Number of protein chains: 2
Amino acid sequence: MEPKAIQDYYPDDVAHCYGCGKLNEHGYQIKTFWEGDETITRFTPKYYHTSIPGYVYGGLIASLIDCHGTGTAALAAYRAEGREIDTIPPFRFVTASLQVDYLKPTPLGIELELRGKVLEQKEKKVISEIILSANGKITARGKVVAVQMPENLIVNRNA
Amino acid sequence: MEPKAIQDYYPDDVAHCYGCGKLNEHGYQIKTFWEGDETITRFTPKYYHTSIPGYVYGGLIASLIDCHGTGTAALAAYRAEGREIDTIPPFRFVTASLQVDYLKPTPLGIELELRGKVLEQKEKKVISEIILSANGKITARGKVVAVQMPENLIVNRNA
């Protein structure tokens with residue numbers, strides 16, 4: 001059975017994120033899965049997602065870490081309740097703060113792997129650590145503080 | 001006289017950054033200027049640079065803060081040497097670490113303003129604080145640790 005990505009279960013009215021929304025045709029549409037006690041996202045940047053030629057743009061790395069962090073938070077929230085991600089009510093987290101350390105240049109032209117671990121979890125707040133690797137070498141490390149999306153952010157939900 | 005953007009003076013072989021490279025036709029091509037003792041960048045996101053509908057994607061905000069920070073670092077390096085940005089040798093900084101606090105949702109559909117201040121400056125390292133505003137309200141705050149790009153990052157320079 002194919003593992004399920006958390007982003008495939010974000011409700012349609014909050015599935016337009018440029019980083020991870022399945023309904024954003026211009027965006028990255030990343031997919032985040034459990035793999036044991038870690039979460040994983042794989043992504044291959046386009047040739048133009050460059051900083052210094054030959055290396056991946058740091059803003060894209062920050063973006064991937066950001067959405068992997070909110071996805072990790074939602075996955076962790078379901079798991080804490082002992083629920084599958086295709087059950088309702090859904091969880092949707094947004095980013096309160098983001099820290100990225102660029103440890104070494106990330107080579108462009110290959111698939112990147114992001115792995116997340118939950119560092120701290122409360123009902124409405126999940127802090128995760130995200131490690132980005134290229135060719136098996138760690139090139140960046142992030143920390144994402146994600147909070148449950150306030151319902152009043154959404155215009156016309158249930159209207 | 002038009003003020004000069006630091007990105008217009010990045011050497012052509014390091015002017016392909018997705019966030020601020022004048023030679024990246026797919027990218028944001030941000031422009032960073034001095035305005036007194038602060039640096040400023042203005043940018044209007046596209047409609048698809050969204051997170052939750054109606055608000056700007058956090059990864060784009062991180063990207064803008066990132067490139068505004070490296071631009072601020074280069075501007076500050078010239079100023080510390082008492083040189084104009086159209087003189088050589090050029091300065092080009094890359095990001096060592098990035099912190100972004102998302103203070104409130106950033107509305108989509110209007111021009112954003114980023115203002116930078118140098119917090120700490122050494123010869124090869126500049127730390128800046130970046131404040132992002134929309135409609136005159138501060139919505140995000142960033143801190144960028146920028147370091148001078150190692151020359152060996154560039155393939156074929158002077159080859």
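Two strands count as paired if DSSP finds at least two bridges between them. Keep that in mind for the sheet in chain A. One caution before I start: this is a predicted model.

Let's take the strands. E2, residues 38–43 of chain A, pairs with E4, residues 112–121 of chain A. The two are antiparallel, with five bridges. To find the register on your screen, go to Phe43(A), which sits opposite Leu112(A) in E4(A).

Next comes E5, residues 125–134 of chain A. E4(A) and E5(A) are joined by nine bridges and run antiparallel. Here Gly116(A) faces Ile130(A) in E5(A). What do E4(A) and E5(A) form? They form a hairpin, with three residues between them.

E5(A) also pairs with E6(A), again antiparallel, over 10 bridges. Ala134(A) is opposite Lys137(A) in E6(A). This is a hairpin too, and two residues lie between its strands. Look at the turn: Asn135(A) has a positive phi of about 55°.

One more pairing inside the chain. E6 covers residues 137–148 of chain A, and nine bridges join it to E3(A), antiparallel. Phe93(A) stands across from Gln148(A) in E6(A). So much for the strands within chain A.

Now some local backbone points. Which residues does a cis peptide bond join in chain A? They are Ile88(A) and Pro89(A), with omega about 5°. Pro89(A) is in the loop between H1 and E3 of chain A. Chain B has a cis peptide bond between Ile88(B) and Pro89(B), where omega is about 0°. Pro89(B) lies in the loop between helix H1 (58–80) and E3 of chain B.

Gln29(A) deserves a look as well. Its phi is positive, about 50°, although Gln29(A) is not a glycine. You will find Gln29(A) in the segment before strand E1 (33–35) of chain A.

On to charges. Side chains of opposite charge can pair when their charged atoms come close. Over all chains, the count is 26 salt bridges. One of them links Arg79(A) and Asp37(A), at 3.4 Å from N to O. Why pick that pair? Arg79(A) is in helix H1 of chain A and Asp37(A) is in the loop between E1 and E2, so the salt bridge ties together parts that are 42 residues apart in sequence.

Now the interface. How many residues of chain A are in contact with chain B? The number is 39, and they touch 39 residues of chain B. Together the two chains bury about 2900 Å², 60% of it on carbon and sulfur atoms. Three residues to click on: Tyr18(A), Ile52(A) and Tyr57(A). They supply 22% of the area that chain A buries against chain B, more than any other three residues.

What about charge pairs across the interface? Between chain A and chain B there are zero salt bridges. Polar contacts are another matter: 18 residue pairs make them across this interface, both residues at pLDDT 80 or more.

Which elements give two or more residues to the side of chain A that touches chain B? Helix H1 (58–81) and strand E3 (93–102) of chain A do. E3(A) gives the most, with nine residues. By type, the residues on this side of chain A are 22 nonpolar, 13 polar and four charged.

E3(A) does something else here. E3(A) pairs with strand E3, residues 93–102, of chain B, antiparallel, over five bridges. Within that pairing, Ser97(A) is opposite Asp101(B) in E3(B).

Last topic: symmetry. Two copies of a chain are related by a rotation about an axis and a shift along it. In this model, a turn of 180° and a shift of 0.0 Å along the axis lay chain A on chain B, with an RMSD of 0.0 Å. That is why we can speak of a two-fold axis. Where does chain A come nearest the axis, by C-alpha? At Gln99(A), whose C-alpha is 2.2 Å from it. The same surface serves both copies, and 100% of the contact residues of chain A recur in chain B.

To recap, E3(A) pairs with E6(A) in its own chain and with E3(B) in the other. That is where I would point the viewer. Thanks.

Notes
Residues are numbered from 1 along each chain as its sequence is written. Chains are lettered from A and ligands numbered from 1 in the order in which they are written. This is a predicted model: local features need pLDDT of at least 70, side-chain atom pairs count only at pLDDT 80 or more; totals for chains, interfaces and linings use all residues. Side-chain values use heavy atoms; hydrogens and water are left out. Contact means heavy atoms within 4.5 Å. Buried area is the accessible area (1.4 Å probe) that two parts lose on being put together, summed over both. A salt bridge is a side-chain nitrogen of Lys or Arg within 4 Å of a carboxyl oxygen of Asp or Glu. A polar contact is a pair of N or O atoms within 3.5 Å; within protein, one must be able to donate a hydrogen and the other to accept it, and residues adjacent in sequence count only if both atoms are side-chain atoms. Helices (H or I, at least four residues) and strands (E, at least two) are DSSP runs, numbered from the N terminus. Ala, Val, Leu, Ile, Met, Phe, Trp, Tyr, Cys and Pro count as nonpolar, Asp, Glu, Lys and Arg as charged, and the others, Gly among them, as polar. Copies are superposed by least squares on the C-alpha atoms of residues with pLDDT of at least 70 in both.
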